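Here's a short walk through a protein for someone meeting it fresh. Take a look at the model, then read on.

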Amino acid sequence: QLQASGGGLVQAGESLRLSCTATGGINGIWARRWYRQAPGKEREWVATIVTNGMINYADSVKGRFTISRDSAKKTLYLQMNSLEPEDTAVYYCNINTKYKHYWGQGTLVTVSS
């Protein structure tokens, strides 16, 4: 129900914008998040945008990544600037309601040094 896209191979210092589109209707959304999972590591939280507009970032991406949403397009974005090799991971979008978490299929971001 969530389609993530926008990943790719870039060099350090470059930018990418990830998108996550809900193909069906999801009612009662509480928050939208991005997570990532680097090779051999556990999935980690990256950023959250709550329905009331409150935004939070992991310290590792603060100042470089921007989370946003377009409700009319049912799309969540993650603008990633000044990418570093340490940002290499599969990025997942997540939307949660009171009763359920929805996950996208993941999009691979590879940053070369």
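In strand 5, which residue is the bridge partner of Arg33? It's Thr48.

## About the model

This is a predicted model, where local features need pLDDT of at least 70, side-chain atom pairs count only at pLDDT 80 or more, and totals for chains, interfaces and linings use all residues. Residues are numbered from 1 along each chain as its sequence is written, and side-chain values use heavy atoms, leaving out hydrogens and water.

## The overall picture

The protein has 11 strands and 0 helices (DSSP runs numbered from the N terminus: E of at least two residues for strands, H or I of at least four for helices). Its C-alpha trace spans about 40 × 25 × 25 Å along the principal axes.

Of its 113 residues, 44% count as buried, meaning under 20% relative accessible area with a 1.4 Å probe, protein chains only.

## Strand 4 and its neighbours

Strand 4 covers residues 29-37, and 7 of its 9 residues are buried, so the rest of the structure largely encloses it. It pairs with strand 9 (residues 89-97), running antiparallel over 8 bridges; two strands pair if DSSP finds at least two bridges between them. Here Trp34 sits opposite Cys93 of strand 9.

Strand 4 also pairs with strand 5 (residues 44-50), again antiparallel, through 6 bridges. The hairpin of strand 4 and strand 5 has 6 residues between the strands, and Gly40 in this hairpin takes a positive phi near 75 degrees.

Note on methods:
Buried < 20%, exposed > 50% of the residue type's maximum accessible area, 1.4 Å probe, protein only.
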